[in-house]
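Q: Hi! Could you walk me through this structure?

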Amino acid sequence: MADPMKIRATMQGDVADVKVLMSHIMETGQRKDPKTGQLIPAHFIQEVNASVNGKVVLDSQWSQAISKNPFLGFKVKGAKAGDKVVVNWTDNKGDKNTAEAVIG
Amino acid sequence: MNQFRRTFLKGAGAAGSVAVAVAAGLLKPTEVLAAEWNKAGFGATKLDEALKSVGGAGAAESKDIVIKAPDIAENGAVVPVEITSNIAGTASIALFIETNLNPLCSTYDFSNGALGYISTRVKMAKTSKVRAIVKAGGKTYTAAKEVKVTIGGCGG
């Protein structure tokens, strides 16, 4: 199971500012193992979804070009303090992770 | 809107770039069918193909898209990129690193009040234009910013 995500959501005016830090190796599949000379298989997050109070706000697809331990920031208008933000990801090996936070 | 795009991409991809990729042995046909993930686009090695895969070919240049990224990145493994689209009704943003092996970096579809804004960190193999393709009101817009990547990380 993957390490937990860090997620923070704050209101800035009438816009919720959500910041997410995920823990993932984001291996490109283009690097060689220095010991064996073999390519290290790709392992990266492919899909990231976010919802506020159960309504999808962001539907995102990623490649291996996103940096290791990815950071994602997005903004949602119309959200209120106390609303629940849920972020989840799925990687190319089928691993999943979910985190949630209350907008403060 | 979102569903239409998906269906459209699947249809267009099946006829075009997916077939090429399958023929080249890059993809297994079963994987293409199993995943909703835009395998053809992310697997494309040519910028043209990658742009087409998100319907971004022939997009109009727009000054309403603001790309915030460093002019010079000392570490190509972690380059912070922020994209803000001030175009009303922005439905999606696609991010490209033009000279990467696979130029399509990531795509973002917005709904239910999400603003046309994303902040992320990307890997860049070498100096490249960072390009955004924005879809709003059925039209596509684009903007780009060059980021120089310092090889060897000596800085300066």
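A: Happy to. One term to begin with: buried means under 20% relative accessible area, exposed over 50%, and partly exposed in between, with a 1.4 Å probe and protein chains only. Strands (E, at least two residues) and helices (H or I, at least four) are DSSP runs, numbered from the N terminus.

Q: Which face of S4(B) is covered, and which is uncovered?
A: Val79(B), Val81(B), Ile83(B) and Ser85(B) make up the covered face of S4(B). The uncovered face has Pro80(B), Glu82(B) and Thr84(B).

Q: Anything I should know about the model itself?
A: This is a predicted model, in which local features need pLDDT of at least 70 and side-chain atom pairs count only at pLDDT 80 or more, while totals for chains, interfaces and linings use all residues. Residues are numbered from 1 along each chain as its sequence is written, chains are lettered from A and ligands numbered from 1 in the order written, and side-chain values use heavy atoms, leaving out hydrogens and water.

Q: Back to S4(B): which strand does it pair with over six bridges?
A: That is S7(B), residues 114–122, which pairs with S4(B), residues 79–85, in the antiparallel sense. Two strands pair if DSSP finds at least two bridges between them. Pro80(B) has Arg121(B) as its bridge partner in S7(B), and Glu82(B) has Ser119(B).

Q: And how many bridges join S2(B) to S4(B)?
A: Four, and those two strands also run antiparallel. Ile65(B) of S2(B) has its bridge partner, Ser85(B), in S4(B).

Q: What's the strand order in the whole sheet?
A: The order is S1(A)-S2(A)-S5(A)-S7(B)-S4(B)-S2(B), six strands in an open sheet with antiparallel pairing. The edge strands, S1 (6–12) of chain A and S2 (65–68) of chain B, each pair on one side only.

Q: New topic: is Thr142(B) buried or exposed?
A: Thr142(B) counts as buried because its relative accessibility is 4%. Its place is in strand S9 of chain B, residues 139–149.

Q: What does its side chain make a polar contact with?
A: The side chain of Arg131(B), at 2.9 Å. A polar contact is a pair of N or O atoms within 3.5 Å; within protein, one must be able to donate a hydrogen and the other to accept it, and residues adjacent in sequence count only if both atoms are side-chain atoms.

Q: Last one: how many helices and strands does chain A have?
A: Zero helices and seven strands. Of its 104 residues, 48% are buried.
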